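Thank you all for coming; I would like to walk you through one structure this morning. Please have the sequence and the coordinates open while I speak.

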Amino acid sequence: MKNNINFPANTPGNFPFLTLASLIFSAAILLLTGRALANNAVLRSMFSCQAQGLGGAIPTVNVWFQQGTNLSFIQAGETIKKVWLNDPSQVTMDFDGPMCMQFGPDRNNNMGDCKNSAASVIQLRRIQKIKIPGLPNTDKTLLTVVTEAQGKNKLYTFEIVYSDGKPHYHTLAIFPDPPSATPNPCVRVAK
């Protein structure tokens with residue numbers, strides 16, 4: 001015995017039910033997708049003048065054990081020329097291109113091509129603390145970066161904060177300053 005199921009071509013009585021079901025399904029997918037994107041925030045961004053601290057606040061960069069944190073100057077079109085990390089006992093640094101490295105008190109003891117440094121991204125990674133004589137135990141340090149774009153240098157300082165737990169982002173992108181009527185939109189004007 002065969003079971004024949006007949007599906008009518010038009011189901012006028014079921015049309016509102018099917019429409020409502022597909023609408024609920026679509027809304028659930030959108031909500032879950034939005035929630036997944038919010039939980040996986042991968043990018044933090046700021047304008048160059050904000051990252052330079054010209055608005056009066058030193059920007060922070062968090063570093064976690066679970067993953068590295070990128071500091072990107074690609075969007076600003078800037079090349080990294082020099083970097084200082086005050087406390088290298090808890091953070092490693094890597095770059096996306098050649099960098100000039102200077103070691104010891106003799107500033108002429110350079111490794112790499114200092115005239116042609118071409119990095120635009122610094123990758124910071126938190127490590128277990130290494131005991132370095134003379135360095136105090138702190139929960140943060142200062143990263144100083146000198147960049148160049150179109151023959152002009154910029155100085156950035158970032159407070160590096162050692163964070164535990166789940167990372168909140170993996171890249172801090174620096175963007176060019178927005179066009180503005182004032183010469184520098186991030187500088188506070190005293191009244």
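Let me begin with a single pair of residues: the bridge partner of Thr141 in β10 is Ile160. Before going on, I should say that this is a predicted model, in which local features need pLDDT of at least 70 and side-chain atom pairs count only at pLDDT 80 or more, while totals for chains, interfaces and linings use all residues. Residues are numbered from 1 along each chain as its sequence is written, and side-chain values use heavy atoms, with hydrogens and water left out.

That bridge belongs to the pairing of β9, residues 140-149, with β10, residues 152-162, which is antiparallel and runs over 10 bridges; two strands are said to pair if DSSP finds at least two bridges between them. Helices (H or I, at least four residues) and strands (E, at least two) are DSSP runs, numbered from the N terminus. On that basis the protein has 2 helices and 11 strands, and along the sequence they follow the pattern α-β-α-β-β-β-β-β-β-β-β-β-β.

Where do β9 and β10 sit in the sheet? They belong to an open sheet of 4 strands with mixed pairing, in the order β2-β10-β9-β4. At its edges stand β2 (60-63) and β4 (79-85), each with a single partner strand, so one side of each is left without a neighbour in the sheet. From one strand to the next the twist averages 30 degrees, where axes are lines fitted to C-alpha atoms, for helices over the stretch in contact, and angles run from 0 to 180 degrees between N-to-C directions.

Strand β8, residues 121-126, also takes part in pairing: it is antiparallel to β3, residues 69-72, over 4 bridges, with Gln123 as the bridge partner of Asn70. In addition, 5 bridges join β8 to β5, residues 91-95, again in the antiparallel sense, and here Arg125 is the bridge partner of Thr92.

Turning to the interior, the largest nonpolar core has 26 residues, and those with the most contacts inside it are Leu143, Val145, Phe158, Ile160 and Ile174. Such a core is a set of buried Ala, Val, Leu, Ile, Met, Phe, Trp, Tyr and Cys residues joined through side-chain atoms within 4.5 Å, and buried means under 20% relative accessible area, with exposed over 50% and partly exposed in between (1.4 Å probe, protein chains only). The largest share of this core, 4 residues, comes from β10.

Phe158 deserves a closer look, since it is buried, with a relative accessible area of 0%. Leaving aside neighbours within four places in sequence, Phe158 is in contact (heavy atoms within 4.5 Å) with residues including Ala51, Val61, Leu71, Leu143 and Ile174.

The structure also holds 3 aromatic pairs, meaning rings of Phe, Tyr and Trp (its six-membered ring) with centres within 6.5 Å, where planes under 30 degrees apart count as stacked, over 60 as edge-to-face and the rest as tilted. Trp64 and Tyr169 are edge-to-face, at 5.3 Å centre to centre and 85 degrees between the planes. Trp64 lies in the loop between β2 and β3 and Tyr169 in the loop between β10 and β11, 105 residues apart. For Tyr156 and Phe158, the ring centres are 6.0 Å apart and the planes are at 10 degrees, so the pair is stacked. Finally, ring pairs link Phe73, Tyr156 and Phe158 into a cluster.
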